[in-house]
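Here are a few short exercises to work through with the model open beside you. Try each task before reading its solution.

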Amino acid sequence: MSDSPRHAGRRRAPRRRRVSPLLVAAGAAVVGTLAVVGGGVALTGPMTMGAFTNAAAPVAAVAPAAQVGTAAPLPDDRLRAATLSRSLSRRAVEKSQKKQTRWTTTALNLWAGAGDDAKQLSELKEATKLLATGVTRNDREQVVVDDTIGWVTSGHLSDEKPPPEPAGISMEPCPDASVEKGLKPQTIKVYRSVCHAFPQITSYGGWAPRSEHDTGNALDVMTSDKALGDEIAAWALEHAAELDLYDVIWYDRIWTPVRASEGWRDYGDHGSATANHMDHVHIGTN
């Protein structure tokens, strides 16, 4: 059918196509997906799937995570060590306290490390409550006391709180602290207890390069007074269990817990009054 003269020379306007809302939503979803995938390229490296491998648009580099929000350096090593110490303390405390709670069974030195050259931090009294981490090294156990991490000699921690000390036992320091040099904790306990129970004694023999004394497990209570020596020896036998005694030697006689039923036994002649323990009460610990 030909156009009538009335419409000659006029172009018919193209008919507009109506776009479906579903197609619009689908397009938006594709764009969003591309944006997310593009972000993934920036964080994880080149894509290896489909058309995204050959994406033409360059991707801006993203700074490494370590460079984002990094805290300023610690001012010195001491602060760094203190921060680490507090962190380790918290971790230890956060563990099961029921399994790790311990008490000292005697006075113990708290050391900064497990080595022989470690610095002494403090002295723990008997029945001090602490947390044991379970780490042992060089005959020492790692513990947490309050907020301090340290090391104590192995074998002197208990799962149960020790009972109160019986009368006559003391861990209060004595006037002459030099006697304690080289002594084991249990022998220091003997020294301090004797010191307070018998203040008239002014001379002691501690560490020495001879049997028992060279291990720090013996103390000589110096006296030539037979009556006083008898009293000290009897006191030592009475508290043998609390003091963890190995033997008592006095006036040419010896007593040991493992043969306690035999009482005092003859020590034998060793050549001199001192060797026969006529001028001192020898008290040995395990």
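**Exercise 1.** In which sense do strand 1 and strand 7 pair, and over how many bridges?

*Solution.* This is a predicted model, where local features need pLDDT of at least 70, side-chain atom pairs count only at pLDDT 80 or more, and totals for chains, interfaces and linings use all residues. Residues are numbered from 1 along each chain as its sequence is written, and side-chain values use heavy atoms, leaving out hydrogens and water.

Step 1: find the strands, which are DSSP runs (E, at least two residues; helices are H or I, at least four), numbered from the N terminus.
Step 2: apply the pairing rule, at least two DSSP bridges between two strands.
Step 3: strand 1 (residues 101–104) and strand 7 (residues 157–158) meet it with two bridges, in the antiparallel sense. T104 has L157 as its bridge partner.

**Exercise 2.** Find the edge strands of the six-stranded open sheet.

*Solution.* Step 1: write the strand order, 8-9-13-10-11-12, with antiparallel pairing.
Step 2: pick the strands that pair on one side only, namely strand 8 (204–205) and strand 12 (265–266).
Step 3: check strand 8, where Y204 stands opposite V221 in strand 9.

**Exercise 3.** Which element supplies the largest share of the largest nonpolar core?

*Solution.* Step 1: such a core joins buried (under 20% relative accessible area, 1.4 Å probe, protein chains only) Ala, Val, Leu, Ile, Met, Phe, Trp, Tyr and Cys residues through side-chain atoms within 4.5 Å.
Step 2: this one has 25 residues, and Y204, V221 and V281 are among those touching the most other members.
Step 3: helix 5 gives the largest share, five residues.

Conventions: Buried means under 20% relative accessible area, exposed over 50%, partly exposed in between (1.4 Å probe, protein chains only).
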